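Me: Could you walk me through this structure, please? I would like to know how far to trust it and what holds its parts together.

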Amino acid sequence: MPDIIHLLPDSIANQIAAGEVVQRPASAVKELMENALDAAATSIKLFVKEAGKTLIQVVDNGAGMSETDARMSLERHATSKIRTADDLFRLRTMGFRGEALASIAAVSQFEMKTRQSHSDLGTQLLVDASEVKGQGPVACEKGTSISVKNLFFNIPARRNFLKSNPVEMRHIIEEFQRLALAHPEIAFSLQHDNELIYDLSPSKLSHRIVALFGKSFQEQLAPCQEETSLVKITGYIGRPESARKTRGEQFIFVNHRYIRNNYLNHAVTSAFEGLLPEGNFPFYVLFIEIDPKHIDVNVHPTKTEIKFDDERAVYGVVWAAVKQALGAHNLAPAIDFRSDINIVGKLNQSPTKEQYMDEQFSTALHRSNLQNWEKIFEGEAPQSRLFQNSDPESKVLRFESSLNQPDSAGLSKDEQAFFQFQQKYIVWPAKSGLMIIDQQAAHERVLFEKYIIRLKGNPGNSQQSLFPQTVTLSASDFALVMEVQQELVLLGFRFEVFGKNALLVTGIPVGVEASEKELFEGLLEQFKKNQSELQLPLRDNLALALARRSSVKSGQKLVQEEIKSIVEGLFACSKPNFSPDGRPTFFTFETSKIESYFTR
Ligand code: ADP
Ligand code: MG
């Protein structure tokens with residue numbers, strides 16, 4: 001038998017590696033911009049066309065490359081950033097794996113122009129799917145300009161897999177925002193097709209935040225600072241009272257690298273505990289500086305996950321920094337934070353990673369149960385399902401249950417039978433017992449099913465605004481709105497694009513009481529939160545977000561009409577037992593149980 005194993009040609013090996021590094025246009029954006037940062041650029045310009053599908057170009061004024069280096073940079077495992085394995089733990093650069101350019105060039109039509117400051121002429125390189133098509137001297141600016149055209153043109157399966165332009169653009173803007181936040185001292189710009197989306201001059205962090213997320217952030221930021229021998233924390237948190245307006249953007253950077261780390265996010269939210277109304281999310285931009293020897297960045301090719309050798313200690317300092325910021329700025333006057341800022345104390349209290357994971361695991365389990373609950377309850381005809389109503393929008397009651405017999409003692413159509421208890425529950429003497437309904441959970445269920453019906457193509461009515469309001473969004477939120485535009489219209493929103501990243505809201509769904517602006521912003525905020533936590537399908541998420549925003553709240557006094565319409569609506573639902581995110585909506589204190597209390 002002949003031997004059958006052979007080495008893959010570089011072009012194929014690169015293409016395979018590209019699968020890990022380059023998932024979508026935004027990944028190429030990230031790699032190219034990070035290279036510009038590593039080359040000590042002070043100005044980085046990003047140009048994209050068709051959400052990066054036809055062009056991604058990054059122009060920097062950094063160090064540039066020599067002719068040989070330009071050629072070498074496209075080889076796999078070719079890097080100027082590390083030499084030995086030990087260098088991995090002294091890392092100060094964003095890159096080190098030496099595979100980004102090779103991967104990108106394997107799946108695109110790639111063009112590079114680069115010049116070092118001491119050379120008169122630069123070098124140009126043209127590459128098509130790893131194959132060098134041209135190389136030569138060129139007159140160009142100092143620095144590097146890389147154009148990536150028609151990403152995945154040679155892998156149709158990947159290209160077809162790309163999402164719509166608004167979705168891809170949102171990912172690009174997210175990467176751009178992270179890098180621009182991480183380096184306020186550097187000028188950045190982003191142009192999409194022919195529109196200039198961001199033009200950021202070098203500034204302080206607070207100004208950069210405002211430039212990226214909008215003027216409303218100006219008064220909302222509280223500085224955050226804490227230092228121990230292990231780490232230094234700096235940055236800003238959003239004041240608790242502004243949590244809603246800020247739509248909960250949250251960023252943690254470690255040595256100026258954006259990372260995802262739920263354990264550390266937990267440290268921040270737990271410091272905010274009790275200061276935020278339920279359903280509101282804090283804004284924060286925190287920079288953690290730590291000696292690179294205490295972290296491992298080489299966990300994942302995209303480098304957004306890192307390992308700390310003492311994560312619990314970092315948790316404690318992050319928690320303390322946020323507490324301190326909340327206290328120092330009198331954001332929570334009722335609490336004496338001074339005595340609370342005891343990092344060592346907190347260290348002993350802070351959950352270990354294992355405890356945290358356990359907690360997360362049980363919540364995940366809880367959630368996956370929730371995903372099944374609809375199935376679990378499908379077969380069961382709840383004894384309390386008194387109303388059947390095929391049209392949940394209508395308020396007409398149709399009693400189809402045996403309980404609706406004229407002589408059904410104890411059940412009356414008399415609406416006085418319902419009453420509100422502690423402004424949280426609706427109590428209803430039903431035949432089977434005393435039914436206690438959680439007003440908020442029930443109303444969320446009612447609205448959720450109503451919105452789902454609309455999203456299935458039965459548009460809801462819109463109430464026209466007397467005074468249409470403009471809502472200015474961050475570029476990423478704007479992209480998100482464009483992505484779900486159709487669905488928003490089905491729900492009953494009416495709006496038009498009104499200048500850059502701004503909308504003129506001319507109508508909101510009938511029956512929702514809120515200012516246009518508040519509702520719109522709140523909806524996006526809730527949507528994003530659901531997206532990261534529940535990972536629901538888009539329509540369920542939108543319906544849930546709007547239901548949560550517009551339902552009556554626990555603690556709200558209800559008039560008889562409202563009570564009645566919630567109860568009727570609930571039992572007209574196809575799945576009345578639970579709120580859309582799985583909280584029980586009602587509980588029956590059964591007559592027999594009540595009786596048992598009084599029998600000897
Ligand atoms: P890595 O960044 O992990 O080293 P890349 O494939 O991204 O790997 O880049 C390979 C090399 O090309 C870098 O190490 C750097 O020397 C050089 N390079 C890439 N982009 C630039 C740039 N914009 N300016 C200067 N040098 C660059
Ligand atoms: Mg790189």
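Reply: What follows goes through confidence, the ligand, the salt bridges and one helix. This is a predicted model, in which local features need pLDDT of at least 70 and side-chain atom pairs count only at pLDDT 80 or more, while totals for chains, interfaces and linings use all residues. Residues are numbered from 1 along each chain as its sequence is written, chains are lettered from A and ligands numbered from 1 in the order in which they are written, and side-chain values use heavy atoms, with hydrogens and water left out.

Me: OK, what pLDDT does the chain average?

Reply: The average is 82, and 85% of the residues score at least 70; pLDDT is the predictor's confidence in each residue, from 0 to 100.

Me: And where does pLDDT stay under 50?

Reply: One such stretch is residues 332-343, for which the model has 19 contacts beyond four places in sequence, a contact being heavy atoms within 4.5 Å. Over residues 365-415 the pLDDT is also below 50, and that stretch has 71 contacts in the model beyond near neighbours in sequence. Where pLDDT is low, the predicted coordinates should not be read in detail.

Me: Switching topic, which residues come nearest to ligand 1?

Reply: Of the 18 residues around ligand 1 (each with a heavy atom within 4 Å of it), the nearest are Asn35, Thr79, Ser80, Lys81 and Gly98. A polar side-chain atom of Thr79 is 2.6 Å from an oxygen atom of the ligand, and for an N or O atom in the side chain of Lys81 the distance to a ligand oxygen is 2.7 Å. Gly98 uses a polar backbone atom, which lies 2.7 Å from an oxygen atom of ligand 1.

Me: How much of ligand 1 does the protein bury?

Reply: Taken alone, ligand 1 exposes 520 Å², and the protein buries 92% of that; the areas come from the Shrake-Rupley method with a 1.4 Å probe.

Me: How many salt bridges are there?

Reply: The count comes to 24, where a salt bridge is a side-chain nitrogen of Lys or Arg within 4 Å of a carboxyl oxygen of Asp or Glu. One of them joins Arg24 and Glu168, at 3.0 Å from N to O. Arg24 lies in the loop between helix H1 (10-21) and helix H2 (25-38) and Glu168 in helix H6 (residues 165-182), so this pair ties together parts that are 144 residues apart in sequence. Helices here are DSSP runs of H or I with at least four residues, numbered from the N terminus.

Me: Is Glu168 buried or exposed?

Reply: Glu168 is buried, with a relative accessible area of 1%; buried means under 20%, exposed over 50% and partly exposed in between (1.4 Å probe, protein chains only).

Me: Which residues does the salt-bridge network link?

Reply: The network links Arg170, Glu174, Glu175, Arg178 and Glu483. Within it, Arg178 meets Glu175 at 3.5 Å and Glu174 at 3.9 Å. Arg178 and Glu174 are four residues apart in helix H6, about one turn. Arg178 is buried at 9%, whereas Glu174 is partly exposed at 23%.

Me: Last one, how many residues of H7 are buried?

Reply: Seven of the nine residues in helix H7 (residues 205-213) are buried, among them Leu205, Arg208 and Phe213. After H7 comes Gly214, whose phi is positive, near 115°.

Methods. Helix = DSSP H or I, 4+ residues; strand = E, 2+ residues; numbered from the N terminus. Polar contact = N/O pair within 3.5 Å; in protein donor to acceptor, adjacent residues only side chain to side chain.
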